[in-house]
Amino acid sequence: MTTVLIKVVAFVSIVVAGYYAGRSGKLGRGTGNVLSKIVFNLTLPCAVIHAFGAAQFTPDLLWLVVVAAAFNFAAYGAMLVATRHSEHASRVFYLCNICGYNIGCFALPFVQAFFPPAQAVAICLFDAGNSLMMSGGTYALTSVVASEKPLEHPVRLAAKRLFSSVTVDAYLVLVAMPLLHVPVPAAIVQFTEPMANANAFLAMFMLGLVTNLHVDAQKVGRLVRLLSARLAFNALFTAIVLLALPFYPSVRVIVCMGVWAPIGAMGPVFTMWCHGDHGLAGFANAISVIVAIITMTGIVLATGAMG
């Protein structure tokens, strides 16, 4: 428990450092946008490749990819309907942050601390399905459905933006490789390790850069509605995992921890790219981190999953 808490405190400290670095003005303008592109196109794909290359899993666990994708699409689809009459900024804020989980920087350290590698790979597969939205799908869809002007060929545009995501492409290849009995070469795992190790720091620092802790009173309602909706979906998905999924109890616990992970670090970035209120999105993300620390620690203690 102490090891996990130290890791979580370290991650939160990096977010705080990014926040104050951004407010100091020493990094100049546009740093958050540049850093987000580095994470999105380099360190995050390397972290994915390294995780898959260093783990082994059985084919039945591949259903976790489908489960995670279904959870993300369900939450996004419901919010898509709920915000159909909302103005642009509000809709972008809700759509970019209602789904997607921060697995790599929060859920994965928890799981690695309490479960052996053979079981911890479950969270990587859950993240593979999660990545369809969190690593590009959310931005691709939102940039189309929340566009302020009519778009030609919107489906083609969304598909182009989704599959231009390096991380999504990496997951598609990495999930297909074990089905074809093709291992990830050890040399590639070693090559990506330094950049994979940098991902957690850069992602958390980037989150701090785009976070705005000064919220207008008019925006508080928007913030509360988003977080309440996520909590409701998390509770629903937890019930589905515990009552309906045909996996071993330890795997179900791991998936529950993934469901309660914070809003994905790319949520505020996608909000920024879609010209939404990324400052408010960063604030929502910071609050979700606190909620995740409490709930994920509670899951471990309640299930006695330590060891």
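In this predicted model, the side chains of Asp 277 and Lys 219 meet in a salt bridge, with 2.6 Å from N to O. The pair links distant parts of the chain: Lys 219 sits in helix α10, while Asp 277 belongs to the loop between α12 (266-273) and α13 (278-303), 58 residues apart. Asp 277 is buried, at a relative accessible area of 16%, whereas Lys 219 is partly exposed, at 25%.

How many salt bridges does the count come to? It comes to two. The other joins the side chains of Arg 222 and Glu 87, at 3.8 Å from N to O. Because Arg 222 lies in α10 and Glu 87 in the loop between α3 (63-82) and α4 (88-97), this pair ties together parts that are 135 residues apart in sequence. Arg 222 is buried, with a relative accessible area of 14%, and Glu 87 is partly exposed at 43%.

**A buried arginine without a partner**

Now for Arg 230, which also has its place in helix α10 (residues 217-244). This residue is buried yet has no salt bridge. Which side chain of opposite charge is nearest to Arg 230, and how far away is it? That side chain is Asp 127, 11 Å away. For a salt bridge, the side-chain nitrogen would have to be within 4 Å of a carboxyl oxygen.

What Arg 230 does have is a backbone oxygen close at hand: that of Ile 98 lies 3.2 Å from a polar atom of the arginine side chain. Leaving aside neighbours within four places in sequence, Arg 230 is in contact with Asn 97, Ile 98, Cys 99, Gly 100 and Tyr 101, and also with Ala 261, Pro 262 and Ile 263.

**Cys 99, on the other side of that contact**

Cys 99 is found in the loop between α4 and α5 (103-114). Is Cys 99 buried or exposed? At 2% relative accessibility, Cys 99 counts as buried. Beyond its neighbours within four places in sequence, Cys 99 touches Asn 72, Ala 75, Tyr 76, Met 133, Met 134, Thr 138 and Arg 230. With Asn 72, the C-alpha atoms are separated by 5.2 Å although the two residues are 27 apart along the chain.

**Helix α10 as a whole**

Both salt bridges and the lone arginine have brought us to α10, so here is the helix itself, starting with its length. At 1.5 Å a residue, its 28 residues should span 40 Å, and the end C-alpha atoms are 41 Å apart, which agrees. Besides Arg 222 and Arg 230, the buried residues of α10 include Leu 223, Leu 226, Leu 227, Phe 233, Phe 237 and Val 241. Ala 229, Asn 234 and Thr 238 are also among them. What do the buried residues of α10 pack against? They pack against α3, α4, α11 (249-259) and α13.

**Helix α12 and two positive phi angles**

Helix α12 is largely enclosed by the rest of the structure, because eight of its eight residues are buried. The buried residues are Met 266, Gly 267, Pro 268, Val 269, Phe 270, Thr 271, Met 272 and Trp 273. After α12 comes His 275, with a positive phi.

Most residues other than glycine have a negative phi. Two histidines depart from this, and the table sets them side by side.

| Residue | Phi | Place | Relative accessible area |
|---|---|---|---|
| His 181 | about 60° | loop between α8 (166-179) and α9 (186-210) | 71%, exposed |
| His 275 | about 65° | loop between α12 and α13 | 65%, exposed |

The loop that holds His 275 is also the one that holds Asp 277, the partner of Lys 219. In that loop, His 275 is exposed, whereas Asp 277 is buried.

**The chain overall**

Stepping back, the secondary structure comes to 13 helices and zero strands. Buried residues make up 52% of the 307 residues in the chain. Among contacts between residues at least 6 apart in sequence, 84% join residues at least 24 apart. The chain exposes about 14000 Å², and carbon and sulfur atoms supply 68% of that area.

Terms used. Residues are numbered from 1 along each chain as its sequence is written. This is a predicted model: local features need pLDDT of at least 70, side-chain atom pairs count only at pLDDT 80 or more; totals for chains, interfaces and linings use all residues. Side-chain values use heavy atoms; hydrogens and water are left out. Helices (H or I, at least four residues) and strands (E, at least two) are DSSP runs, numbered from the N terminus. Buried means under 20% relative accessible area, exposed over 50%, partly exposed in between (1.4 Å probe, protein chains only). Lys and Arg count as positive and Asp and Glu as negative; His and the chain ends are not counted. A polar contact is a pair of N or O atoms within 3.5 Å; within protein, one must be able to donate a hydrogen and the other to accept it, and residues adjacent in sequence count only if both atoms are side-chain atoms. Contact means heavy atoms within 4.5 Å. The expected span of a helix is 1.5 Å times one less than its number of residues. Accessible areas come from the Shrake-Rupley method with a 1.4 Å probe; for residues, only the protein chains shown count as cover.
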